[in-house]
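User: Could you teach me how to read a structure like this one? I'd like to take it feature by feature.

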Amino acid sequence: MLVNNANVLVVDDVEAIRNFLRMVLGKSGFRYVDVAKNGAEVMQKAREKSYDVIFLDINMPGPDGLSILR
């Protein structure tokens, strides 16, 4: 397993999806995987930390993924 030091953020309003992606990424060698459950949380985390990769759910309540991308 190759260890990847990239900072990854998984954003989804479904807890099972967040947990699944965190587990898969962790088993794939990603050491730093954070999660967020909504648009407000992703915006706060992005202000606090720089991410190399963000897996962003497009369809979620509040600010959706497309709004966040803008």
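Analyst: Sure! Keep in mind that this is a predicted model. Let's begin with one pair of residues: Leu 9 stands opposite Ile 54 in strand E3. On another strand, E2, Leu 9 stands opposite Asp 34.

User: Okay, and how do strands pair up in general?

Analyst: Strands in a sheet pair through backbone hydrogen bonds, and they can do so in a parallel or an antiparallel way. Here, E1 and E3 (residues 53-56) pair in the parallel sense over four bridges.

User: How many bridges join E1 to E2?

Analyst: Six bridges join E1 to E2 (residues 30-36), and these strands run parallel. You can follow the pairing residue by residue: Val 8 stands opposite Val 33 in E2, and Val 10 stands opposite Val 35 in E2.

User: In what order do the strands sit in the sheet?

Analyst: The order is E2-E1-E3, and these three strands form an open sheet with parallel pairing. E2 and E3 are the edge strands, since each pairs on one side only. If you ignore direction, neighbouring strands of this sheet are turned by 20° against each other on average.

User: Where do the side chains of a strand point?

Analyst: In a regular strand they alternate between the two faces of the sheet. 

User: Is strand E1 largely enclosed or open?

Analyst: Try counting buried residues, meaning those under 20% relative accessible area. Six of the eight residues of E1 (residues 4-11) are buried, so this strand is largely enclosed by the rest of the structure.

User: What do E1, helix H1 and E2 make together?

Analyst: Those three elements make a right-handed β-α-β unit, with H1 covering residues 15-27.

User: What can I learn from single residues in that helix?

Analyst: Take Leu 25, which is found in H1. Leu 25 is buried, with a relative accessible area of 9%. Now check a distance: Leu 25 and Asn 4 are 21 residues apart in sequence, and 9.7 Å apart in space from C-alpha to C-alpha. For another residue, look at Phe 20, whose place is also in H1. Phe 20, Met 23 and Val 24 make a nonpolar surface patch of about 260 Å².

User: What about charged side chains?

Analyst: Side chains of opposite charge can pair when their charged atoms come close. In this model the count comes to one salt bridge. The side chains of Lys 49 and Asp 34 meet in a salt bridge, at 3.1 Å from N to O.

User: Which parts does that pair tie together?

Analyst: Lys 49 lies in the loop between helix H2 (39-48) and E3, while Asp 34 is in strand E2, so the pair ties together parts that are 15 residues apart in sequence. As for exposure, Lys 49 is partly exposed, with a relative accessible area of 30%.

User: And how far is Lys 45 from Asp 34?

Analyst: Lys 45 and Asp 34 are eleven residues apart in sequence and 8.9 Å apart in space, C-alpha to C-alpha. Lys 45 is found in helix H2, and Lys 45 is partly exposed, with a relative accessible area of 21%.

Key: Residues numbered from 1 in each chain as written. Predicted model: local features only at pLDDT ≥ 70, side-chain atom pairs only at ≥ 80, totals over all residues. Heavy atoms only, no water. Buried < 20%, exposed > 50% of the residue type's maximum accessible area, 1.4 Å probe, protein only. Helix = DSSP H or I, 4+ residues; strand = E, 2+ residues; numbered from the N terminus. Pairing = 2+ DSSP bridges. Right-handed = clockwise from strand over helix to strand, strands pointing away. Patch = residues over 30% accessible without salt bridge, like charges linked within 9 Å, V, L, I, M, F, W, Y side chains within 5 Å. Areas by Shrake-Rupley, 256 points an atom, 1.4 Å probe, with all protein chains shown as cover. Salt bridge = Lys/Arg side-chain N within 4 Å of Asp/Glu carboxyl O. Axes fitted to C-alpha atoms, helices over the stretch in contact; angles between N-to-C directions.
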